[in-house]
Amino acid sequence: MDGLGFTIPPASRGDPWFEDGNIILLVEDDDHHVLTAFKVHRGVLARQSEVFETMFDIPQPASVVDSVEHIDGCPMVRMHDLPNELSSLIKALYDGVTFYQRNIEDFYTLAGILRLSSKYFITHLRVQAIRHLTETWSYTITGHDEMVRQALAAPSVDGTTYPYVHPLHVLNLAREVNIRIVIPSVLYFLSIYSLRQLLSCEHPKLQHENPSRPSNQLSLHDVSEYTLMYQYRLKIILDFIRITCGERKTDVNCRALKECRKVFARLASNINQSFTPRTGPFHNMAQAMQWIDDDDTICGPCKRAFRRDVTALRTRLWEELPSVVGLPSWKELLAMDLPSSQGPGDRSGVSGMVHVVST
C-alpha cells in the first residue's frame, strides 16, 4: 500500500483495464480477496447508466477513503457481479457488441450482458440482447420456420445441435430478467422434450458448465406451463391429422375427385403413422403442404386450396400460442419487451415426414 492506496497486481487486472482510467470496479470473493478489478472511465459508464452514476456519486466515509477505498490512485467501487459478466458488459459499453450463435459460449456471453444490462438499466444493450434471442425463439411463424430450417441443416458443434442452448436455459434466463416475448416459443420447443428428461437434467446441453449458465431446474410454475403447452401441441397435430387432412373435402373446382380424396386420406394416414409425442406440428404442417405440392396425382385447385387453408391454420394457431400459457398477444408482448430502438447513452427505461427438431 502507498499513499494513494494499494495497487492491483497484474494477475488480478481484468479486461478491460485502461491505464488512464479514473475509477476501479472491484470484484471480491466471500473473504474479500480480490478476484478481478477493472480500471475504467467513470464518465463513460455513468453516461450509459443512471445506476452506475448513482453508485459513483455515493460519498464514502473519510477514514475509509483515506485507507483502502483508493486503488492505483483511483476511487474504488465494490461490485457484486460475476467477473466474466462484468467484463462482457464493460466491453460492450465501450466497443458495442455483436451477438453470435456459433456455440453455447455465445449464449453465455449474451446471458451475462442481458443480466447486467437489466440490473443496471442499460436499455439499448438489453433490447439488443432480446432482439437476438427472438431471432431464434421467434414471435412470428416465419421466424419459427427459419429456426427449424437451421436446426435441421446446421452441423453439430461440440456434440450439440443448433441452436446449441437448451430451451430450459433460455426459459430460466427469461424468467430471471423478466422477458416475456420469447416465453411462448421457448415453451413450445421445450414441450418437445419429455418431462422425465427435463426433471433428471440428463440432456447433454443441460450438463455444460459455465458461471453464467442459467438454472437447470424446471420450476413448479413452469411444470404447469410446460404441461399446458404439451397438451396444446398434441391437440393441434391430432386435429390436423383427423380434421384438416382426414375429413378434408375436395375443392369446388376439383378436376380429379376420387384421386384427390385418396391423396388426402393417404396424407392423414402417413402423418398418423409417423406421429410421436415429439412431433412439432407447425413444421409438420409445412411438410404436409410440400408433400401435397409434390404429388402429381392431385389436381391444381385442390393443391392451392390446401396450401391456402393450412397456411391460414398455422398462422391462427401460432397467434394463439401466448394465450396457451396465459400471456397477452404477440403484439402486446412485443410492445412490452422491444420498445423503439434507442441509441447508446439513452437510459430510459406423411411416412418419413415427421422430423424431431432437437433444440
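**Exercise 1.** How many residues does helix 13 have, and what distance does it reach from its first C-alpha to its last?

Solution. The model is predicted. Helix 13 covers residues 281-294, which is 14 residues. Its end-to-end C-alpha distance is 20 Å, close to the 20 Å expected at 1.5 Å a residue.

**Exercise 2.** Which helices do the buried residues of helix 13 pack against?

Solution. Begin with the buried residues, among them Phe-282, Met-285, Met-289 and Ile-292. The buried residues of helix 13 pack against helix 7, helix 9, helix 11, helix 12 and helix 14. One of these partners, helix 9, is itself mostly covered, with eight of its eight residues buried.

**Exercise 3.** Locate the salt bridge between Arg-149 and Glu-146 in the chain, and classify both residues by exposure.

Solution. The side chains meet at 2.7 Å, N to O. Both residues belong to helix 7 and are three residues apart, so about one helical turn separates them. Arg-149 is partly exposed at 47% relative accessible area, and Glu-146 is partly exposed at 31%.

**Exercise 4.** Which parts of the chain does the salt bridge between Asp-295 and Arg-266 tie together?

Solution. The N to O distance in this salt bridge is 3.3 Å. Asp-295 sits in the loop between helix 13 and helix 14, and Arg-266 in helix 12, so the bridge ties together parts 29 residues apart in sequence. With a relative accessible area of 11%, Asp-295 is buried; Arg-266, at 34%, is partly exposed.

Terms used
Residues are numbered from 1 along each chain as its sequence is written. This is a predicted model: local features need pLDDT of at least 70, side-chain atom pairs count only at pLDDT 80 or more; totals for chains, interfaces and linings use all residues. Side-chain values use heavy atoms; hydrogens and water are left out. Helices (H or I, at least four residues) and strands (E, at least two) are DSSP runs, numbered from the N terminus. The expected span of a helix is 1.5 Å times one less than its number of residues. Buried means under 20% relative accessible area, exposed over 50%, partly exposed in between (1.4 Å probe, protein chains only). Contact means heavy atoms within 4.5 Å. A salt bridge is a side-chain nitrogen of Lys or Arg within 4 Å of a carboxyl oxygen of Asp or Glu.
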